[in-house]
Amino acid sequence: MSDYEVTPLGDDFFMREALSMAHAAECLGEVPVGAVVVLNGRIVGRGFNSPIGESDPTAHAEIAALRDAARNLGNYRLPGCELYVTLEPCAMCAGAIMHARISRVIYGARDPKTGVHGSVVDLFGVERLNHHTNVVGGVLAEECSRTLSAFFASRRRKAMQ
């Protein structure tokens, strides 16, 4: 079940940009997750998964995109920004998203093992937290899911050879 709606903000367009970042991660042998940060209809930050290549457990797509946007905007707070990511954020990324004051998160595929927009828990819905981010899930979900499934199927095939 998806709470996906087409908005005038171009959710499909920006999710496709996030998917292109996911494909960049895949080319480097990383799990194909990509993200972009958007402010006023303009991409201000890009990132993709790179924990293997960077030997950094925090090198998730969301964190990379937030860091890029913060550098480009000259501020560690990103009010008014939206984050598009191909996979439901994990707890670490949700914390960074809230600390950055992202106004809206739009993700593609659900993550039944570590997703925190209801798949495992709903951190974004915790009322006691001091910042609340609007979250929309399911944008281009099938395409995002296919990208991940194909990657892991390929890894399993290689492991069996």
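This briefing covers the sheet, the helices packed on it and the salt bridges. The model is predicted. Its 5 strands form an open sheet with mixed pairing. A search of the whole structure finds 6 salt bridges.

**The sheet**

- The strand order is β2-β1-β3-β4-β5.
- β2 (42–48) and β5 (134–137) are the edge strands. Each has a single partner strand, so one side of each is left without a neighbour in the sheet.
- On average, neighbouring strands are turned by 15° against each other, direction ignored.
- Strand β4 (residues 104–109) and β5 run parallel and are joined by 4 bridges.
- Val105 stands opposite Val135, which belongs to β5.

**Helices on the sheet**

- Helix α1 (residues 11–27) packs on the sheet and touches β1 (34–39), β2, β3 (82–87) and β4. The direction of helix α1 makes about 140° with that of β1.
- Helix α3 (residues 61–73) also packs on the sheet, touching β1, β2 and β3. The direction of helix α3 makes about 140° with that of β2.

**Salt bridges between separate elements**

- Arg16 forms a salt bridge with Glu143; the closest N and O atoms are 2.8 Å apart.
- This pair links distant parts of the chain, 127 residues apart. Arg16 sits in helix α1, and Glu143 in helix α5 (residues 141–160).
- Arg16 has 43% relative accessibility and counts as partly exposed. Glu143 is partly exposed too, with a relative accessible area of 28%.
- Glu17 forms a salt bridge with Arg46, with the closest N and O atoms 3.2 Å apart.
- Glu17 lies in helix α1 and Arg46 in strand β2, so their salt bridge ties together parts that are 29 residues apart in sequence.
- Glu17 counts as partly exposed at 21% relative accessibility; the lower limit for that class is 20%. Arg46 is partly exposed at 35%.

**A salt bridge within one helix, and a network**

- Asp68 forms a salt bridge with Arg71, the closest N and O atoms being 4.0 Å apart. The cut-off for a salt bridge is within 4 Å.
- Both residues lie in helix α3. Asp68 and Arg71 are 3 residues apart, about one turn of the helix.
- Arg71 counts as exposed, because its relative accessibility is 60% and the exposed class starts over 50%.
- Asp11, Glu82 and Arg104 are joined into one network by salt bridges that share partners.

Methods: Residues numbered from 1 in each chain as written. Predicted model: local features only at pLDDT ≥ 70, side-chain atom pairs only at ≥ 80, totals over all residues. Heavy atoms only, no water. Pairing = 2+ DSSP bridges. Helix = DSSP H or I, 4+ residues; strand = E, 2+ residues; numbered from the N terminus. Axes fitted to C-alpha atoms, helices over the stretch in contact; angles between N-to-C directions. Contact = heavy atoms within 4.5 Å. Salt bridge = Lys/Arg side-chain N within 4 Å of Asp/Glu carboxyl O. Buried < 20%, exposed > 50% of the residue type's maximum accessible area, 1.4 Å probe, protein only.
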